[in-house]
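Okay, everyone, thanks for coming. I'll put the structure up on the screen, and then we'll walk through a few spots together.

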Amino acid sequence: MNHATDLLLIGGIMLLALGAHTLGQRVHVPRVTLLLLVGALAGPSLLDIIPVRVSDNFPLVTELTLAMVGFLLGERMSVRDLKDGREAIIVSLAVTLVTALIIFVVVWLVTQNLTASLLLAAIATATDPAATLDVMREAGSRGPLTRVVAQVVAIDDAWGAILFSILLVFAELVSGNGSAVIESIGFGVYEVLGAMILGVLLGLPMAWMTGRLKPGEPMLLESAGFVFLAAGIAGALELSYLLTCMALGVTVANRAHHHVRPFRSIEGIIEPFLATFFFLAGFSLEWDLLPTLGLLGGAYVTARIAGRILGGAMGGQLAHSSHAVKLRNGACLLPQAGVAMGLALVATDRLPEVAFILPLIIGSTVFFELIGPPITMYNLKRAGETGRGYEEPADDD
């Protein structure tokens with residue numbers, strides 16, 4: 001079979017990513033957004049200039065990319081970096097709970113549908129760690145805001161998954177599907193705890209091997225092997241591969257003597273995967289769903305933005321964070337992608353009567369994936385934490 005088209009596409013994506021990075025530095029737009037837009041323009045919903053079959057590889061690219069992202073986020077949860085971990089936990093819980101509460105109230109007022117209100121409240125808490133991490137890497141950001149946001153995106157999807165499992169139980173009770181309650185509780189516990197246990201079990205031998213097989217040398221084969229093995233086993237066991245790889249990273253960060261090496265090895269190969277991931281994500285976006293959002297979609301988008309910002313401010317206040325962290329951390333948590341759509345799929349599969357949730361989440365995801373990264377970049381810049389020579393934050397902030 002001739003793979004000339006596929007090779008041309010891969011090479012083109014790599015060069016587009018390079019161009020997006022260069023252009024993004026000039027116009028101060030994250031390459032995430034530029035790659036999404038280019039992918040969308042090439043996709044079937046707009047210009048349709050690339051064969052639709054390229055999206056067949058998207059699930060594999062997604063799992064490979066998010067497996068590495070999860071592992072890298074795990075490094076942020078090391079004991080060395082969690083001296084201020086209490087701050088991140090408080091902020092993440094506040095953002096999760098405030099977002100869920102605001103979404104629940106707003107959706108209930110618009111629809112009077114208690115089942116949809118419960119499910120959308122949980123789904124809205126999910127973020128896109130890949131986009132957030134890529135913006136930070138591109139900006140070269142360092143500082144309190146960067147640290148807190150990186151730690152929050154590393155754990156808030158876990159809070160979201162737990163909250164979704166709980167609210168799904170209540171939604172099924174409300175809808176009269178009480179027979180599935182035990183199954184829902186079991187699913188939530190199994191997915192979250194199972195992923196953490198698997199990550200730790202694989203992380204212990206990985207941490208022991210770090211630096212032992214080839215002392216002082218890079219360990220790409222070891223690192224990539226364990227990360228992809230963890231994702232594969234998690235998928236076979238129907239566990240969250242993102243949480244599994246995050247637990248793997250946390251274990252290595254805390255147990256390995258040379259804990260930095262495996263993370264630097266993965267960082268060295270993740271760029272092509274991220275570029276392909278964001279291009280294919282844009283290619284797969286269903287733009288024709290945006291006009292169908294209507295009143296509920298507008299209310300959901302507005303409420304989620306308000307929930308993120310207010311939750312971040314409340315969490316920062318409770319955690320006694322710096323002014324910049326209190327003011328800006330919530331706005332850095334707007335990107336929303338695969339986890340939200342996965343939760344929406346589970347919700348509509350369990351409760352077909354709220355099938356309208358899926359197109360709403362897909363449409364709002366398009367919106368948040370486009371506006372989220374630039375807003376994150378802007379707030380990192382205004383906080384004076386980017387490494388591109390930006391000015392210090394203004395006094396009025």
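So, let's start in the loop between helix 13 and helix 14, which runs 323-328, because that loop is where His 320 sits. Keep in mind that this is a predicted model. His 320 has a phi near 60 degrees, so a positive value in a residue that isn't glycine. As a reminder, most residues other than glycine have a negative phi. His 320 is also exposed, at 69% relative accessible area.

There's another one like that on the way into helix 5. Gln 112 has a positive phi, near 55 degrees, and again we're not talking about a glycine. Gln 112 belongs to the loop between helix 4, which is 85-111, and helix 5.

Let me zoom out for a second. What is the secondary structure of the protein chain made of? It comes to 16 helices and zero strands. The chain has 397 residues, and 54% of them count as buried. If you take contacts between residues at least 6 apart in sequence, 82% of those join residues at least 24 apart.

Now back to helix 5, residues 114-123. At its start, a side-chain oxygen of Asn 113 comes to within 3.1 Å of the backbone nitrogen of Thr 115. Helix 5 is mostly covered, with nine of its 10 residues buried. Among those buried residues are Thr 115, Ser 117, Leu 120 and Ile 123.

And which way does helix 5 run against helix 7, parallel or antiparallel? Their axes come within 9 Å and cross at roughly 175 degrees, with helix 7 covering residues 144-174. That makes the two helices roughly antiparallel. On the helix 5 side, the residues that meet helix 7 include Leu 114, Leu 118 and Ala 122. On the helix 7 side you've got, among others, Phe 164, Leu 168 and Val 174.

Next, an arginine that I'd like you to click on. Arg 308 is in helix 13, residues 294-318. Is Arg 308 buried or exposed? It's buried, because its relative accessibility is 0%. A polar atom of the Arg 308 side chain lies 3.4 Å from the backbone oxygen of Leu 333. Leaving out residues up to four places away in sequence, Arg 308 touches a whole list of residues, including Val 95, Thr 99, Thr 125, Asp 156 and Gly 330.

Quick stop at Met 196, over in helix 8, residues 181-209. Met 196 counts as partly exposed, because its relative accessibility is 36%. Its C-alpha atom is 8.0 Å from that of Leu 248, though the two are 52 residues apart along the chain.

Last stop, helix 16. This one is residues 357-382, so at 1.5 Å a residue its 26 residues should span 38 Å; the end C-alpha atoms are 35 Å apart, which agrees. How many degrees does helix 16 bend at Gly 372? About 30, and there's a proline, Pro 373, following within four residues. Helix 16 is largely enclosed by the rest of the structure, because 19 of its 26 residues are buried. Then, just after helix 16, Gly 384 takes a positive phi of about 75 degrees.

That's the tour from me. Happy to go back to any of these spots on the screen.

Conventions
Residues numbered from 1 in each chain as written. Predicted model: local features only at pLDDT ≥ 70, side-chain atom pairs only at ≥ 80, totals over all residues. Heavy atoms only, no water. Expected span 1.5 Å × (residues − 1). Bend = angle between axes of the 7 residues up to and from the residue. Buried < 20%, exposed > 50% of the residue type's maximum accessible area, 1.4 Å probe, protein only. Polar contact = N/O pair within 3.5 Å; in protein donor to acceptor, adjacent residues only side chain to side chain. Contact = heavy atoms within 4.5 Å. Axes fitted to C-alpha atoms, helices over the stretch in contact; angles between N-to-C directions. Parallel < 35°, antiparallel > 145°, perpendicular 65-115°, else oblique.
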